[in-house]
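User: Hey, could you walk me through a structure I've just pulled up? I'd like to go over packing, rings and cysteines.
Analyst: Happy to, let's take a look.

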Amino acid sequence: MEKNADIARRLREAGFKATPGRIRIIEALGAREKPMTVGEVAKGTKGKLNETTLYRALEAFAQAGIVRRVDLHHSHAHYELQKTHHHHLVCTNCGAVEDVAACAVEPMEKVALRGSRTFASIMSHDLEFFGTCKTCTS
């Protein structure tokens, strides 16, 4: 877990003021290793921030690359701290989420660019795998 001084530095480097509320959001995301809903982040901030404020902050953080917005095919967004590049395995039955560190997408990016008539570069990609976990298949 990052210290407040490290979180404040990260926020300032991304162009944000290091307010107590913003620091609480980063702390809440850092306390858990899985993507979180806005409601879960709100609980992690001990109810000090309303959901509208959280949505705005999380979206701004995502634009700045501090957090990553993750689509787990639920009816709501999930967020996680942007740390190392990774993907997710998601159980469509129980909702379990597991990080996947391996990434073999870079060769696919090159193929996609060679086949594109209009794109010159790819800056990022997101990839989630959906299936059933071992617990749900037992």
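**Helix packing, rings and cysteines**

Analyst: Helix 2 and helix 4 are roughly perpendicular to each other. Keep in mind that this is a predicted model.

User: Nice. What is the angle between helix 2 and helix 4, and how far apart are their axes?
Analyst: Helix 2 (residues 20-30) packs against helix 4 (residues 51-64) at about 75°, and the axes are 11 Å apart.

User: Which residues make the contact?
Analyst: On the helix 2 side you have R22, I25, I26 and L29. Helix 4 brings in L54, A57, L58 and F61.

User: And how many of those are nonpolar, polar or charged?
Analyst: The contact of helix 2 with helix 4 has seven nonpolar residues, one charged and no polar ones.

User: Switching to rings. How many aromatic pairs does the structure hold?
Analyst: One. It is F16 with F61: the ring centres are 5.0 Å apart and the planes sit at 85°, so the pair is edge-to-face.

User: Where do F16 and F61 lie?
Analyst: F16 is in the loop between helix 1 (4-13) and helix 2, while F61 belongs to helix 4. The pair therefore ties together parts that are 45 residues apart in sequence.

User: Are F16 and F61 buried or exposed?
Analyst: Both F16 and F61 are buried.

User: OK, cysteines now. How many disulfides does a search of the whole structure find?
Analyst: Zero.

User: Why is there no bond for C91?
Analyst: The closest cysteine sulfur to that of C91 is in C94, 3.7 Å away, which is too far for a bond. The cut-off for a disulfide is 2.5 Å between the sulfur atoms.

User: And what about C94?
Analyst: For C94, the closest cysteine sulfur is in C136. That distance is 3.7 Å, so it is too far for a bond as well.

User: How accessible are C91 and C94?
Analyst: C91 has 5% relative accessibility, so it counts as buried. C94 comes out at 48%, so it counts as partly exposed.

User: Last one: where does E80 lie, and is E80 buried or exposed?
Analyst: E80 is in strand 2 (residues 78-81). Its relative accessibility is 5%, so E80 counts as buried.

User: What is E80 in contact with, leaving aside neighbours within four places in sequence?
Analyst: Those contacts of E80 are L29, P35, V67, R68, V70, H86 and H88. You'll recognise L29 from helix 2, where it is part of the contact with helix 4.

Terms used: Residues numbered from 1 in each chain as written. Predicted model: local features only at pLDDT ≥ 70, side-chain atom pairs only at ≥ 80, totals over all residues. Heavy atoms only, no water. Axes fitted to C-alpha atoms, helices over the stretch in contact; angles between N-to-C directions. Helix = DSSP H or I, 4+ residues; strand = E, 2+ residues; numbered from the N terminus. Parallel < 35°, antiparallel > 145°, perpendicular 65-115°, else oblique. Contact = heavy atoms within 4.5 Å. Nonpolar A, V, L, I, M, F, W, Y, C, P; charged D, E, K, R; others polar. Phe/Tyr/Trp six-rings, centres within 6.5 Å; stacked < 30°, edge-to-face > 60°. Buried < 20%, exposed > 50% of the residue type's maximum accessible area, 1.4 Å probe, protein only.
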